[in-house]
Amino acid sequence: MSAKLMQAVQYNSYGGGASGLKHVEVPVPSPKTNEVLLKLEATSINPVDWKIQDGFLRPFFLPRKFPHIPYTNTAHLFGLVYLNVFININTCTDVAGEVVEYGGGLAQFAVASESSIAARPSEVSAAEGAGLPIAGLTARDALTKIAGVKLDGTGEPKNVLVTAASGGVGAYAIQLAKLGNNHVTATCGARNVDLVKDLGADEVLDYKTPEGATLKSPSGRKYDAVVNCASGIPWSTFEPNLTEKGIVVYLAPNPGVIMTYALKKLTFSKKRPVPFSVIVKREGLEHLAQLVKDGKLKTVIDSKFPLNKAEDAWAKSIDGHAAGKIIVEL
């Protein structure tokens, strides 16, 4: 008896960008014990997806072999479930769909660990949900677990800077920080200033201006916490703008940042950069889903593409100018 087939997108080697993606038919993956098979409705593309294609995680983790579908057959899939409806994260990365069997993203089906799913309210659409997990959890945990920012208004208000604030993580970070009555300064390009203000930013800096390049708050405030979603900003630019105990959370740390982090720890400096990588947990997914349900958080969607145009979505992500999340609908 022939295996059931599904539509998927894969690449056969490192590099190649969007032109390296190929549309194929492959067997539907089979769930193992304590796993579920998901029929996907939507997925979102994160920068880590095409960085993996470029060899970002080589030779440590991914891809383990070619051809590689981002990402249908991995244990690193997480999700939210409402009855039979799921939001999942993986590389290609964040997906939403329906459980079809107990037992990545750019395919019609994916396998997920049963222990890594949490409830998605019916009020949250598949596209909204597909955008949430990696970007939303990165913003949430960078603020709360690293920078000590309270999201419920119970803590002392902080001055928060969010760089590249119109991107996927930045858009969530602004909203989450404002939930705790914190003062938020944000950087973005001129065309996204209104969007960033609408998300709640108190002050906005155009990163292409001299003021934006120095990251100085227009009101003269020093920053207690920075969620740095941008690349290429050196520690020396952040340091003079920080309070005595200011923390910069680097979402894409380079070797120089890691060395500075180690040096600051050795010298017991209160100002410090902190490299960060998100760890997905059910509790965090549930929290984000509830905030969306309550109207306190929204997924900013830059654009939507059908699966047969996944390479266009991939190229748009590589271009680096999306405002919010890029969604592939299946």
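These legends accompany several close-up views of a predicted model.

**View 1. Strand β9 and its surroundings.**
Let us start with strand β9, which spans residues 159-163. Because 5 of its 5 residues are buried, β9 is largely enclosed by the rest of the structure. The cover extends to both faces of the strand. On one side sit Asn159, Leu161 and Thr163, and on the other Val160 and Val162, all of them buried.

**View 2. From β9 over helix α4 to β10.**
Here you can follow the chain as it leaves β9, passes through helix α4 (residues 168-179) and arrives at β10. This β-α-β crossover is right-handed. The two strands themselves pair in the parallel sense, with 4 bridges between β9 and β10, the latter covering residues 183-188. To find your place in this pairing, look for Val162, which stands opposite Ala186 of β10.

**View 3. The loops at either end of α4.**
Two residues in this view are worth a stop for their backbone angles. Ala164 lies in the loop between β9 and α4. Although Ala164 is not a glycine, its phi is positive, at about 50°. With a relative accessible area of 29%, Ala164 is partly exposed. Asn181 belongs to the loop between α4 and β10. Its phi is near 60°, again a positive value in a residue other than glycine. Asn181 counts as exposed, since its relative accessibility of 54% is over the 50% limit.

**View 4. β9 beside β12.**
Strand β12 (residues 223-228) runs parallel to β9, and 4 bridges join the two. Two pairs of residues help to trace this pairing: Leu161 has Val226 as its bridge partner in β12, and Val162 stands opposite Val227. Val162 also faces Ala186 in β10, so this residue is a handy landmark for moving between the two views. β12 is mostly covered, with 5 of its 6 residues buried.

**View 5. β12 beside β13, with the loop that leads into β13.**
Strand β13 takes in residues 242-250 and pairs with β12 in the parallel sense over 5 bridges. Val226 of β12 stands opposite Val248 in β13. Asn241 is found in the loop between α7 (235-238) and β13. Is this loop residue buried or exposed? Asn241 is buried, because its relative accessible area is 5%, under the 20% limit. Leaving aside neighbours within four places in sequence, Asn241 is in contact with Thr214, Leu215, Lys216, Lys222 and Tyr223.

**View 6. Ser303 in strand β15.**
This view centres on Ser303, a residue of strand β15 (residues 301-306). Ser303 counts as buried, since its relative accessibility is 15%. The side chains of Ser303 and Asp302 are joined by a polar contact of 2.8 Å. Which residues beyond four places in sequence is Ser303 in contact with? They are Lys316, Lys325, Ile326 and Ile327.

**View 7. Asn308 in the loop after β15.**
Moving along the chain, we come to Asn308, in the loop between β15 and α10 (310-319). Asn308 has a relative accessibility of 53% and therefore counts as exposed. Glu329 is 21 residues away from Asn308 along the chain, and the C-alpha atoms of the two are separated by 9.5 Å.

**View 8. The largest cavity.**
The last view turns to the largest cavity, whose volume is about 30 Å³. Its lining is made up of Leu137, Arg140, Asp141, Lys145, Ile279, Lys281, Glu283 and Gly284. Which helix gives the most to this lining? That is α3, with 4 residues. Helices α3 (133-146) and α9 (282-293) each supply at least two residues of the lining.

Terms used:
Residues numbered from 1 in each chain as written. Predicted model: local features only at pLDDT ≥ 70, side-chain atom pairs only at ≥ 80, totals over all residues. Heavy atoms only, no water. Buried < 20%, exposed > 50% of the residue type's maximum accessible area, 1.4 Å probe, protein only. Pairing = 2+ DSSP bridges. Right-handed = clockwise from strand over helix to strand, strands pointing away. Polar contact = N/O pair within 3.5 Å; in protein donor to acceptor, adjacent residues only side chain to side chain. Contact = heavy atoms within 4.5 Å. 1 Å grid on protein atoms, 1.4 Å probe; cavity = no way out; pocket = protein on both sides within 12 Å on 5 of 7 lines; lining within 4 Å. Points joined across faces, edges and corners; volume = space filled by probe spheres on them.
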